[in-house]
Amino acid sequence: MLVTLRENLDKAEDGNYAVGAFNCPTLESARAVIEAAQELQVPVILSHAEVHNEIIPIEIMGPILVDFAKRASVPVTVHLDHGSNLEIIKRAIDIGFSSVMIDASHMGYEENVKTVKEVVEYAHGHNVSVEAELGMMTSSGIGGEETAGGEAEGQYKPSDYYTDPVIAKDFVYRTEIDALAASFGTVHGIYLSEPDLDFDRLSSIYKNIQRPVVMHGGSGLSTDEYVTAINSGIRKINYYSYAAKAGAHAVKEYINENTNLFYHDFTVVAKEAIKKDVKRAMEIFLNKGETVR
Ligand SMILES: [Zn+2]
């Protein structure tokens with residue numbers, strides 16, 4: 001069934017687990033994720049990233065995700081990832097998305113608050129949840145960067161952009177968002193070196209905002225890191241790059257081992273590989289096998 005992010009994460013809060021949010025820029029990835037969720041009977045978030053409009057427009061992929069959600073035997077949120085403005089958010093809500101992210105984190109603080117408040121007013125009026133970002137997640141620049149641009153790179157260290165727990169409290173209070181994407185050491189894409197996560201900062205953010213915290217750049221961490229993050233307040237984990245890589249790797253292997261090649265067979269091979277990777281992630285996000293329905 002289709003549920004809002006708020007409903008999905010409220011249950012995660014009660015059960016101390018995290019719900020996986022998976023970008024679905026192809027039919028194979030969407031099928032892989034929904035099949036994985038139903039086979040494991042876990043709640044899930046199907047995401048469409050605005051930047052993936054170049055791969056497949058939201059007007060094509062969105063209705064498919066909403067349809068999958070409505071027919072699913074588990075709670076499913078259909079979410080817009082890294083929406084850059086109110087226009088794309090309205091498009092997503094018109095299609096039937098139950099959750100949107102407005103990413104105004106590259107703006108000055110007051111402008112970020114103003115932009116997010118405007119989105120919250122519109123989205124909540126349509127019974128749609130809102131995620132916003134404070135601090136910035138940099139990108140490794142390799143693999144699945146799904147940000148809509150504007151994220152900081154270059155002469156600055158990632159820690160210069162970590163979320164401040166005191167500002168986070170003010171931000172959530174003033175904007176009334178449903179979930180906060182916080183920066184504490186994860187990066188988008190593929191990790192080039194071991195991630196160095198600031199869990200004390202994450203705990204302070206969670207304590208201060210009393211709302212679910214979202215981890216971006218959530219693929220490629222160790223099981224221990226996921227568990228510690230969940231126990232520190234992470235309730236939504238954006239997981240994409242490593243699943244996409246698993247799909248590509250499986251197709252490459254298939255091409256190496258077969259000579260009679262047809263494109264449609266690649267989609268089957270990719271779907272199965274993505275599903276296997278996503279299932280592994282979902283089991284970790286449940287946090288010690290909590291029973292979730
Ligand atoms: Zn992100």
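**Exercise 1.** Does Phe 285 count as buried or exposed?

*Solution.* Keep in mind that you're working with a predicted model.
- Step 1: look up the relative accessibility of Phe 285, which is 1%.
- Step 2: recall that buried means under 20% relative accessible area.
- Step 3: at 1%, Phe 285 therefore counts as buried.

**Exercise 2.** Work out how many aromatic pairs there are, and what kind of pair Tyr 226 and Phe 285 make.

*Solution.*
- Step 1: rings pair if their centres lie within 6.5 Å, and by this rule the count comes to seven aromatic pairs.
- Step 2: for Tyr 226 and Phe 285, the ring centres sit 5.2 Å apart, with 70° between the planes.
- Step 3: planes over 60 degrees apart count as edge-to-face, so that's the label for this pair.
- Step 4: now find the two partners along the chain. Tyr 226 belongs to helix α8 (residues 223-231) and Phe 285 to helix α10 (residues 263-285), so the pair links parts of the chain that are 59 residues apart.
- Step 5: check Tyr 226 too. Its relative accessible area is 1%, so Tyr 226 is buried.

Want to go one step further? Ring pairs also tie Tyr 226 and Phe 285 into a cluster with Phe 22 and Tyr 239.

**Exercise 3.** Describe the pair formed by Tyr 263 and Phe 266, and say which partner is buried and which is exposed.

*Solution.*
- Step 1: the geometry is edge-to-face, with 5.9 Å from centre to centre and 75° between the planes.
- Step 2: both residues lie in helix α10, three residues apart, or about one turn of the helix.
- Step 3: Tyr 263 has a relative accessible area of 59%, so Tyr 263 is exposed.
- Step 4: Phe 266 comes out at 17%, so Phe 266 is buried.

**Exercise 4.** Trace the barrel and see what packs on its strands.

*Solution.*
- Step 1: go round the eight strands in the order β1-β2-β3-β4-β5-β6-β7-β8; they make a closed barrel with parallel pairing. From one strand to the next, the twist averages 25°.
- Step 2: zoom in on β1 (residues 19-23) and β2 (residues 44-49). These parallel strands are joined by three bridges, and Phe 22 stands opposite Leu 46 in β2.
- Step 3: add helix α5 (residues 109-125). This helix packs on the sheet, touches β4 and β5, and makes about 170° with the direction of β5.
- Step 4: finish with α8, which lies across β7 and β8 and runs at about 140° to β8.

Methods. Residues numbered from 1 in each chain as written. Predicted model: local features only at pLDDT ≥ 70, side-chain atom pairs only at ≥ 80, totals over all residues. Heavy atoms only, no water. Phe/Tyr/Trp six-rings, centres within 6.5 Å; stacked < 30°, edge-to-face > 60°. Helix = DSSP H or I, 4+ residues; strand = E, 2+ residues; numbered from the N terminus. Buried < 20%, exposed > 50% of the residue type's maximum accessible area, 1.4 Å probe, protein only. Pairing = 2+ DSSP bridges. Axes fitted to C-alpha atoms, helices over the stretch in contact; angles between N-to-C directions. Contact = heavy atoms within 4.5 Å.
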